[in-house]
2 protein chains.
Amino acid sequence: MPDDPWQPPRILLAVDLVILTLRAARLHVLLVNRGIDPFRGAPALPGGFLADEHEDIEAAARRELAEEAGLSGVHLEPLGVYGEPGRDPRGRVVSVAHLAIAPRLPEPVAGTDAVHASWTPVDDILAPGAELAFDHRRIIVDGVERARAKLEHTALATAFCAESFTISELQQVYEAVWGVRLDPRNFYRKVQGARGFIVAVGPMRKPSNGRPARLFKAGPVHVLTPPMTRP
Amino acid sequence: MPDDPWQPPRILLAVDLVILTLRAARLHVLLVNRGIDPFRGAPALPGGFLADEHEDIEAAARRELAEEAGLSGVHLEPLGVYGEPGRDPRGRVVSVAHLAIAPRLPEPVAGTDAVHASWTPVDDILAPGAELAFDHRRIIVDGVERARAKLEHTALATAFCAESFTISELQQVYEAVWGVRLDPRNFYRKVQGARGFIVAVGPMRKPSNGRPARLFKAGPVHVLTPPMTRP
DNA sequence: ACAATAGTGTCTGTGAGACAATATGGC
DNA sequence: GCCATATTGTCTCACAGACACTATTGT
């Protein structure tokens, strides 16, 4: 029998990043304005192709995170694969999306790339009528849902806070990410009940008004028992 | 400035399938024996490369499911990406793993491919010392964990059963997948409390001994409220 | 004193798990 | 009757959510 000349197709592999942070008590996602076609001028997630055939996928995500957002050392995890044949008009591109969680950051980070990066409230960019390149709307939806779920079972919320924080500040993280209002008294009890979640460090005073709050820092535990269930 | 001749690398995209079923009250996974190098002769997950540049990833998974296991119409969902640079000695291969859930099936399905497919107990193949091609051990671990989690929140367990079933048969599904023993009385109440999970169809008799059990069939609901929590 | 926020206590309903008790078949 | 399994009932504990109440600051 003759040799089979069939060879499997080779495709382009990209990484896209959903980088979430908290600004002014609202959940924001980092977006860049595309400078080239397709979708020139439209907002898009930071991302790009594998640098070479031997680059690790997560390493590529970290590289893009540094190049386009100037960030390093933040929590990063795989989110999913987006490989629908028609998603990129240039050809077959399969993208591995990653989720990054960053603490409060000063100003719209200027990327070392020529791209223009800016923080955008998640509510705004997901509102009907907002435009996004490719299938990035779905990727953001999935990333936000993942972040919400992780807040339930892990100590991720402390990553959104400063080194030390009050319980009401931590509550604001949960309220902003989940998009709900929580009872401060029940939240207080619940957060204290999750063993190893937070540990006290000392008292502080609030700038304007009210009783000073105790300060806490992130505890040693990463998996919450019992979990912080969503309402 | 001169044009940049850099082009992103092209890689091979594969799909791998974790196909789970229940046989003799044990969770089994479908494995094939590799007929070619690398890992010739070692057990591996069914799978293969994209047929052409325009094939949808999930469509490729369904095609391999049919070709290598003779199955169609079963529940199928994406499980994750496995793309570590060294995972395939032939070169850079990124695999998108999928999870398939199949009801009880008669005999080791003979694939239309030349591969030799057989059901293997998950406990055995994950036991220390068992050999598997590539990183398929990790993929199976992830797939089993996903199936266990889905049993908690969805009506997936009924997919492992026949058209109609008793509550104790449904309990055996949970016990086999979770690998635990459950109290029949508490299980009975809990399963009845999940609204829309199962609906009664009529009585039956048991072959050997004991009181006859009512027969049920899968209800209309796919998301369980309240969920079936693992012990 | 008053406003505002921090922190504590109490109550009620729901659900999980242990396990007693009853029902219904075959033999 | 006896045995095995199915089905129902009861009890206790833990936790979520509602909300009254006390504590501690600035003004």
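Hi everyone, let me start with the largest pocket: by class, its lining has 14 nonpolar, nine polar and 21 charged residues. One thing to keep in mind throughout is that this is a predicted model.

So what does that pocket look like in numbers? About 1,900 Å³ of space lies in it. There are 44 residues lining the pocket, and those closest to its centre are Pro78(A), Leu79(A), Arg146(A), Leu79(B) and Arg146(B). If you have the structure open, that is a good place to put your cursor.

Which helices and strands build the lining? From chain A, α1 (57-69), β5 (75-82), β6 (93-101) and α3 (136-153) each supply at least two residues. From chain B, α1 (57-69), β5 (75-82), β6 (93-101) and α3 (136-153) each do so too. The element that gives the most to this lining is α3(A), with eight residues.

Now to how the two chains are arranged. Chain A can be laid on chain B by a turn of 180° and a shift of 0.0 Å along the axis, with an RMSD of 0.1 Å. That is the relation of a two-fold axis. The same surface serves both copies, as 100% of the contact residues of chain A recur in chain B.

Let's move over to the DNA, and to strand D in particular. Which residues come nearest to DNA strand D? There are 22 residues around the strand, and the nearest of them are Arg185(A), Asn186(A), Arg211(A), Tyr188(B) and Arg214(B). By class, the surface near DNA strand D has 10 charged, six polar and six nonpolar residues.

Helix α5 (184-193) is the one to find here: in chain A and in chain B, α5 supplies at least two residues of the surface near DNA strand D. The largest share, four residues, comes from α5(A).

And which parts of the strand face the protein? Of the atoms of DNA strand D within 4 Å of the protein, 56% belong to sugar or phosphate, and the rest to bases.

We can zoom in on some individual atom pairs as well. On the base side, an N or O atom in the side chain of Arg211(A) is 3.1 Å from a base nitrogen of DNA strand D. For Arg211(B), a side-chain N or O atom is 3.3 Å from a base nitrogen of DNA strand D. On the phosphate side, a phosphate oxygen of DNA strand D is 3.1 Å from an N or O atom in the side chain of Ser168(B).

That's my tour, thanks for listening!

Notes:
Residues are numbered from 1 along each chain as its sequence is written. Chains are lettered from A and ligands numbered from 1 in the order in which they are written. This is a predicted model: local features need pLDDT of at least 70, side-chain atom pairs count only at pLDDT 80 or more; totals for chains, interfaces and linings use all residues. Side-chain values use heavy atoms; hydrogens and water are left out. Copies are superposed by least squares on the C-alpha atoms of residues with pLDDT of at least 70 in both. Contact means heavy atoms within 4.5 Å. A residue is near a molecule or strand if one of its heavy atoms lies within 4 Å of it. A polar contact is a pair of N or O atoms within 3.5 Å; within protein, one must be able to donate a hydrogen and the other to accept it, and residues adjacent in sequence count only if both atoms are side-chain atoms. Ala, Val, Leu, Ile, Met, Phe, Trp, Tyr, Cys and Pro count as nonpolar, Asp, Glu, Lys and Arg as charged, and the others, Gly among them, as polar. On a 1 Å grid over the protein atoms alone, a cavity is a set of points where a 1.4 Å probe fits but cannot get out, and a pocket is an open set with protein on both sides within 12 Å along at least five of seven lines; lining residues have an atom within 4 Å of a point. Grid points are joined across faces, edges and corners, and a volume is the space filled by probe spheres set on the points.
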